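Hi,

Here's the structure I said I'd pass along. Have a look at it first, and my notes on the pockets and the sheet follow underneath.

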Amino acid sequence: MTAPDPSHDVDSLLPRLTELRSALAQAVVGQHDVVEQLLIGLLAGGHCLLEGAPGLGKTLLVRSLGQALELQFRRVQFTPDLMPSDILGTELLEEDHGTGKRAFRFQQGPIFTNLLLADELNRTPPKTQAALLEAMQERTVSYAGTTYTLPSPFFVLATQNPIEQAGTYPLPEAQLDRFLLHVRVDYPSEAEERDILAQTTGSHSGVVPKVMDADSVQALQAAVRDVHVSPDLLSWITRLVRASRPGEGAPHEVNSWIKWGAGPRAGQSLVLASKARALLHGRFAATREDVLALAAPVMRHRLLLSFSAEAEQKSADDVIAALLRAVPFPA
């Protein structure tokens, strides 16, 4: 008996992905790669870490995504005095005026939402970072012996400012590994910046139409798992990830520039993200182009650079480019 063709279930939803891109373009000028990677993270059911200078529209992008998807959106500005209870929630002592009895009631925190923008996550202490990242991984919050399930879909976009590092708490490598994609937000082109000035300083701002609801998002997330990945592509992804680890047989650049390579979760993330990109482009099979487009966003935060790499001013993207040259796709 053959497996059912996933295209029969999602054919009606695929045109909405194109509508979603168009809807976001009405509020966000340019940043096409960033928009695509955020949608890939959403479809793959992962979380994204956005890195970019202030004022590049990260908050606007996330809020517009929530509006277009009819999802609840919340933004939390992370500060050095933020406590875990400020994110997860806390218990309040309430009195029943009829009986006079008192009881504790759990007051949910801002993490109980569909779309959470964790602004400047590296400005809050490790205790609060760990509480957020644990909830991201488990999709639950435990408080006073009770477990509360987070809404579905649940999508976290955390931002980091790469310029100002004073007074920050860099995320440990094990916590960075929890993010599916590390998205770089660059400055717009001159034409895009001119359009931004015209659009944001007039009396009419971009209105984001509603495109799909939470049920449609969950259906697409389920469809991503059914996207086909050929054995050759799966083997190539495995070799790419393994080649990122220093040791005998690793490329010269890896042994020179990498102190610690990517783990198995990088391979899982690259497969899932490639499947999501294929579906986003209307395909039901991942290709080499999907892997090439996502190798850097998936792996750049999972590689620990050596002192030699820093001395030579080499970035993780330089290592990934060398990896792709050293481990080509089988002909």
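Before the sheet, one bit of bookkeeping: two strands count as paired here if DSSP finds at least two bridges between them. Keep in mind that this is a predicted model.

With that in hand, there's an open sheet of five strands, ordered E2-E5-E8-E1-E9, with parallel pairing. Strand E2 (73-77) and E9 sit at the edges, each pairing on one side only. Ignoring direction, neighbouring strands are turned by 20° against each other on average. E1 and E9 run parallel and are joined by five bridges; Gly52 stands opposite Val185 in E9.

Now the pockets. The largest holds about 580 Å³ of space. It has 22 lining residues, and Glu51, Gln160, Leu176, His182 and Arg300 are the closest to its centre. Which elements give two or more residues to that lining? They are strand E1 (48-52), helix H7 (173-176), strand E9 (181-185) and strand E11 (304-305). So much for where the lining comes from; by class, it has nine nonpolar, eight polar and five charged residues.

The second largest pocket has about 380 Å³ of space. Its lining counts 19 residues, with Ala44, Gly45, Gly46, Arg139 and Leu272 nearest the centre. Helix H3 (32-44), helix H6 (126-138) and helix H12 (264-280) each supply at least two of the lining residues, and H12 has the largest share, with four. By class, that lining is made up of six nonpolar, seven polar and six charged residues.

Cheers

Technical notes: Residues numbered from 1 in each chain as written. Predicted model: local features only at pLDDT ≥ 70, side-chain atom pairs only at ≥ 80, totals over all residues. Heavy atoms only, no water. 1 Å grid on protein atoms, 1.4 Å probe; cavity = no way out; pocket = protein on both sides within 12 Å on 5 of 7 lines; lining within 4 Å. Points joined across faces, edges and corners; volume = space filled by probe spheres on them. Axes fitted to C-alpha atoms, helices over the stretch in contact; angles between N-to-C directions.
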